[in-house]
Protein chains: 2
Amino acid sequence: MSTTLEPATVLDAPSRAAADWLRQFDHALRTNDGAQAARLFEPAGFWRDLIAFTWNIKTLEGRDEITAMLDTTLPHIKPHDWRMSEPATEADGVVTAWFDFETAVARGKGLLRLRDGLCWTLLTTADELKGHEEKRGATRPLGAAHGVAPGRQSWRDRREAEAASLGVTTQPYVLIVGGGQGGLALGARLRNLDVPTLIVDAHPNAGDQWRRRYKSLCLHDPVWYDHMPYLPFPEHWPVFAPKDKIADWLEAYEKTMELACWHSTVCTKAHYDDDAQEWEVTVERGGSEITLRPKHLVLATGMSGLPNVPAYPGAESFTGEQHHSSKHPGGEAWRGRKAVVIGSNNSAHDICADLWENGADVTMVQRTSTLVARSDSLMELATGVLYSEQAVASGITTERADLIFASQPYRVMPDLQTPVFRAIRDRDAEFYARLEQSGFMLDFGDDESGLYMKYVRRGSGYYIDVGASELIANGSIKLKSRVGVEAIRERSVLLTDGTELPADLIVYATGYGSMNGWAARLISQEVADRVGKCWGLGSGTLKDPGPWEGELRNMWKPTRQDGLWFHGGNLHQSRHYSLYLALQLKARLEGISTPVYGLGEVHHLS
Amino acid sequence: MSTTLEPATVLDAPSRAAADWLRQFDHALRTNDGAQAARLFEPAGFWRDLIAFTWNIKTLEGRDEITAMLDTTLPHIKPHDWRMSEPATEADGVVTAWFDFETAVARGKGLLRLRDGLCWTLLTTADELKGHEEKRGATRPLGAAHGVAPGRQSWRDRREAEAASLGVTTQPYVLIVGGGQGGLALGARLRNLDVPTLIVDAHPNAGDQWRRRYKSLCLHDPVWYDHMPYLPFPEHWPVFAPKDKIADWLEAYEKTMELACWHSTVCTKAHYDDDAQEWEVTVERGGSEITLRPKHLVLATGMSGLPNVPAYPGAESFTGEQHHSSKHPGGEAWRGRKAVVIGSNNSAHDICADLWENGADVTMVQRTSTLVARSDSLMELATGVLYSEQAVASGITTERADLIFASQPYRVMPDLQTPVFRAIRDRDAEFYARLEQSGFMLDFGDDESGLYMKYVRRGSGYYIDVGASELIANGSIKLKSRVGVEAIRERSVLLTDGTELPADLIVYATGYGSMNGWAARLISQEVADRVGKCWGLGSGTLKDPGPWEGELRNMWKPTRQDGLWFHGGNLHQSRHYSLYLALQLKARLEGISTPVYGLGEVHHLS
């Protein structure tokens with residue numbers, strides 16, 4: 001054994017490869033040589049940056065894009081101190097390494113994948129701003145003010161004083177519209193970063209968004225995927241939480257996290273004052289109109305935007321009950337009566353099953369094909385790899401899982417997802433065959449890449465099966481597929497094939513518009529058009545028109561309207577990306593320079 | 001290297017010693033040879049058992065007591081499968097080993113300390129009952145009932161149905177009187193063990209016990225010591241939580257843990273029906289009287305029992321305001337007025353400081369000496385060893401800390417605590433000197449063993465300094481010490497040295513009685529006397545008369561009244577011992593035989 005190497009410093013081969021790469025990378029960055037840094041990537045390599053370099057959420061694809069980004073950002077970002085945070089690993093010819101690094105203003109974490117010594121994928125994320133770290137663990141607040149001070153305020157005094165003043169005599173820096181899981185998660189991050197924030201929500205209590213939905217609703221994603229920031233669900237929490245249990249949790253979360261939230265408060269309009277660089281937002285609270293003047297406005301109104309209700313001829317003449325799926329209260333009132341559910345995705349299935357369980361005669365109208373995946377199979381073969389009891393037991397904490405997931409560039413993801421869904425199709429072949437025999441139109445995505453890709457491309461088009469598919473297969477839920485709706489009549493739905501379905505109830509499970517519909521409603525069509533469509537990648541697949549953008553449009557990152565932000569997504573996205581949105585807002589509050597690289601182009605308005 | 005030993009099976013010396021001991025111990029137990037097992041202990045060795053062998057909380061001291069216990073319990077307990085759960089360690093001549101084991105009905109955990117091959121201390125605890133394990137982690141409930149079933153209940157339906165029936169048409173198996181941290185912690189354990197439990201509490205909301213106390217109150221123990229079962233405080237939680245923040249947490253906890261709790265409900269009387277083997281408990285709820293018939297009654301009314309107010313002559317003629325410390329609302333109303341606080345322990349100090357901060361002229365009357373320890377010093381030198389950020393970082397989880405702490409027999413504890421408090425006295429010598437110069441009477445316990453021993457012996461006699469001592473030292477809080485109260489006059493307090501203190505307000509910070517005072521009030525004096533004094537060890541020190549009992553009297557374990565249990569203590573005790581009380585109750589619900597070994601004798605009535 002060499003005398004110059006102590007045993008403690010001997011690195012294994014993957015760690016040596018990763019350490020070598022980081023050293024060369026660091027050297028190129030320190031010498032402001034973007035082209036040299038880019039040559040350390042595969043020609044078509046990827047760099048996904050979550051605000052550390054770009055103050056944006058951005059994937060650079062290939063050496064040219066990487067070089068261009070570095071040439072612009074290196075002078076002010078000043079990255080340094082790259083170091084592996086644990087030994088690297090190697091599998092299937094890919095070396096994977098976790099690392100930490102710093103920029104001029106932030107501490108970051110990242111994940112590197114090497115193939116034959118060149119970088120295939122690089123993830124860089126800002127984790128905290130220097131000098132503005134959250135106070136937790138060893139730096140948590142003392143709480144009790146030890147010592148004595150005449151006239152000091154207690155914790156409750158301070159909470160009450162804030163509640164009396166914020167939005168009244170003082171203005172929040174950030175106003176979040178919407179107090180669902182998204183608004184609360186972001187609110188908690190901002191509270192812990194000392195960013196004065198007010199949340200307004202139309203409902204009387206946190207969690208009411210969930211309480212008001214149909215009774216049988218449960219989360220479709222398993223518990224390990226769903227934790228909120230800071231306060232993980234306890235070990236007894238059910239795998240698929242019922243809606244009212246989630247509602248209670250959100251109510252407790254709001255209180256525990258000390259969020260400032262105005263309930264029963266409706267945001268009616270907002271206008272950006274370019275001179276003052278602030279918003280003028282009108283809200284209705286307790287019968288009176290209040291004007292708020294935040295610097296930043298976050299729409300956390302649900303990533304699905306406003307309900308879509310198709311304008312079918314004759315709908316106004318229908319004498320039964322008709323409503324959008326988001327307004328469906330549950331099937332109790334429909335025993336022995338006829339219901340028609342238009343649509344064939346998650347809500348449509350849940351509502352059909354609920355109506356059937358309650359003794360209604362229910363028909364689903366399937367206009368286009370649907371991706372169906374059994375919940376068990378998804379847990380085992382898809383989410384379970386990163387989010388499951390086994391993953392936790394093997395050391396994949398929620399934070400680690402989130403970073404691993406985030407390290408997969410969207411361009412690469414279909415290649416990673418396609419085999420997963422091929423395995424699901426094999427495993428459940430008999431199930432799919434029976435479902436198709438009922439006439440149900442199945443798909444697995446335009447390119448067979450499965451459910452998650454549909455979710456990020458269009459946010460719709462799938463059903464996570466928790467039982468309704470069996471009811472369709474066995475005819476309990478009647479199915480009309482390969483048809484459209486021609487018209488609504490006085491007490492029936494007329495289909496394009498001439499069938500007339502008698503109906504006491506019509507449920508339009510017809511989806512939602514883009515989130516910028518909220519901007520149109522609250523601000524103006526002009527601003528909605530300026531920021532453009534939200535969500536989707538530009539994949540050129542159904543409902544996600546190109547050109548390719550490589551990241552979700554407008555989500556959690558700067559938009560083309562100053563001070564306007566969109567926050568949303570499922571619980572996992574809401575948890576993870578709220579960190580980066582919160583850091584972007586904190587940096588602006590503190591006057592830290594945040595030059596945005598690669599602000600998205602607007603190609604579509606909705 | 002020997003060819004018969006594979007490297008993987010080579011144990012280090014401490015592990016070998018512990019494994020050898022466990023093997024011999026196991027052999028003695030399997031052959032029902034209690035005397036042989038006892039010979040593996042030091043002659044004066046200790047065995048502390050938390051319900052695994054004794055269905056009691058019991059410390060056996062010396063070989064004779066160990067032999068006697070084993071001779072009685074071995075035939076039915078059938079302990080087996082002793083195995084080390086991690087490598088043993090050695091320090092200062094003591095080998096320490098963690099182990100798992102099983103009995104006929106339970107799985108257990110324990111901690112062993114060896115000196116020269118013999119057992120110095122052994123801890124055995126039951127951790128779960130076989131076939132009645134809590135459903136958590138990989139066995140957590142599914143939540144959503146996948147598949148469809150006409151007429152099925154949602155989670156909310158079930159919760160509402162339980163709320164409508166429990167205590168009305170169905171009877172709880174366990175009734176907990178008191179919904180503070182103790183009642184809620186036990187309630188959560190019982191919920192997760194599927195033991196039908198109802199909590200009744202006099203206050204409108206969970207946490208009100210805290211909300212109603214004086215405004216400046218904060219926890220005196222640091223956050224790492226205070227976690228509730230199942231739901232640890234988040235990382236941002238302050239070190240010393242303000243009372244209203246704890247109150248909000250308890251309110252959220254009740255909801256998250258799905259506890260059945262009747263608020264604004266007062267328990268007025270209880271009677272044990274020996275024939276039916278159940279309680280008849282009368283509660284007042286919503287203006288009407290309701291009779292409950294639980295099998296078990298748990299008093300979780302605060303380990304301090306009922307307030308003590310000394311009957312000073314003339315008190316009835318006092319024209320100012322006078323109340324016990326537990327009723328003190330805070331000092332706001334007393335600016336510029338004269339207050340006398342009788343007592344010199346925690347509440348007395350907190351209330352004096354609060355009155356002074358609010359501009360009152362305040363005098364503390366110290367009748368007997370007090371142990372004072374600075375909060376910082378306690379954190380660093382006492383609790384911090386097991387409960388601190390550093391402890392967590394070094395792998396001492398809350399569960400591990402609790403077991404280490406529980407493994408120290410009360411007989412040994414003064415020897416372990418005395419050097420800690422000697423170090424505190426050295427460190428803070430200047431502070432103590434200044435305090436004594438003000439006339440303050442200091443002590444460190446009858447045998448100098450410090451604060452925790454005072455706490456377990458008498459539950460009083462100390463102040464954890466968070467600032468009031470400085471106010472006493474510098475004369476801001478006036479002090480009259482070495483005196484008693486002779487009488488109360490119309491507008492003053494007359495002391496035994498003839499001093500007359502003018503007073504607009506008198507606060508009696510004069511402590512609390514034994515918890516069995518609650519049994520006297522709710523059940524009968526006869527039952528209170530039958531179970532006898534609660535708390536204290538029989539140490540023969542002030543307020544803890546002998547004979548030696550070795551465990552806290554009546555706490556978390558069977559009493560001499562069938563079906564009557566006492567639950568309480570600080571947050572740490574409440575968290576840890578609620579496990580054993582819950583398992584005792586679960587075993588009885590399931591008809592598991594629970595022969596109690598060594599039921600406590602009653603030597604004192606209060």
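Where in chain A is A:Thr383 placed? A:Thr383 sits in a loop of chain A, between helix H9 (375-382) and helix H10 (389-393). The model is a predicted one. Is A:Thr383 buried or exposed? Its relative accessibility is 19%, so A:Thr383 counts as buried. The cut-off for buried is under 20%. Which residues does A:Thr383 contact, once neighbours within four places in sequence are left aside? They are A:Pro222, A:Tyr225 and A:Leu378.

Now step to another loop. A:Ser264 lies between strand S10 (261-262) and S11 of chain A. Its relative accessible area is 40%, so A:Ser264 is partly exposed. Residues up to four places away in sequence are again not counted in what follows. A:Ser264 touches A:Asp201, A:Ala202, A:His203 and A:Pro204. A:Ser264 also touches A:Glu284, A:Arg285 and A:Gly286. Take A:Glu284 from that group. A:Ser264 and A:Glu284 are 20 residues apart along the chain, and their C-alpha atoms are separated by 8.4 Å.

The loop of A:Ser264 leads to S11, and S11 belongs to a sheet. Strands of a sheet pair through backbone hydrogen bonds, either parallel or antiparallel. Here three strands of chain A form an open sheet, in the order S11-S12-S13, with antiparallel pairing. Which are the edge strands? They are strand S11 (265-273) and strand S13 (288-292) of chain A, and each pairs on one side only. On average, neighbouring strands of this sheet are turned by 20° against each other, direction ignored. How many bridges join S11(A) to strand S12 (residues 278-285) of chain A? There are eight, and the two strands run antiparallel. One pair can be named: A:Asp273 has A:Glu278 in S12(A) as its bridge partner.

Further along chain A come strands S21, S22 and S23. Strand S21 (residues 485-489) pairs with S22(A) in the antiparallel sense, over four bridges. A hairpin of two residues joins S21(A) to S22(A). A:Ala487 has A:Leu494 in S22(A) as its bridge partner. On its other pairing, S22(A) is joined by three bridges to strand S23 (residues 500-502) of chain A, and these strands also run antiparallel. There, A:Ser492 has A:Pro502 in S23(A) as its bridge partner. The hairpin of S22(A) and S23(A) has four residues between the strands. In this hairpin A:Gly498 takes a positive phi near 95°.

What about the faces of strand S22 (residues 492-495) of chain A: covered or open? Both are covered. A:Ser492 and A:Leu494 are buried on one side, and A:Val493 and A:Leu495 are buried on the other.

Next, look for enclosed space. A search of the whole structure finds eight cavities of 30 Å³ or more. The largest has a volume of about 140 Å³. It is lined by 16 residues. Nearest its centre lie A:Val531, A:Glu549, A:Asn554, A:Gly600 and A:Glu601.

Finally, step back to the two chains. Two copies of a chain are related by a rotation about an axis and a shift along it. Chain B is superposed on chain A by a rotation of 180°, with 0.0 Å of shift along the axis and an RMSD of 0.1 Å. The two copies are therefore related as by a two-fold rotation axis. The same surface serves both copies: 100% of the contact residues of chain B recur in chain A. Which residue of chain B comes closest to the rotation axis? It is B:Ala252, with its C-alpha at 2.5 Å.

Conventions: Residues are numbered from 1 along each chain as its sequence is written. Chains are lettered from A and ligands numbered from 1 in the order in which they are written. This is a predicted model: local features need pLDDT of at least 70, side-chain atom pairs count only at pLDDT 80 or more; totals for chains, interfaces and linings use all residues. Side-chain values use heavy atoms; hydrogens and water are left out. Buried means under 20% relative accessible area, exposed over 50%, partly exposed in between (1.4 Å probe, protein chains only). Contact means heavy atoms within 4.5 Å. Copies are superposed by least squares on the C-alpha atoms of residues with pLDDT of at least 70 in both. Two strands pair if DSSP finds at least two bridges between them. Axes are lines fitted to C-alpha atoms, for helices over the stretch in contact, and angles run from 0 to 180 degrees between N-to-C directions. On a 1 Å grid over the protein atoms alone, a cavity is a set of points where a 1.4 Å probe fits but cannot get out, and a pocket is an open set with protein on both sides within 12 Å along at least five of seven lines; lining residues have an atom within 4 Å of a point. Grid points are joined across faces, edges and corners, and a volume is the space filled by probe spheres set on the points.
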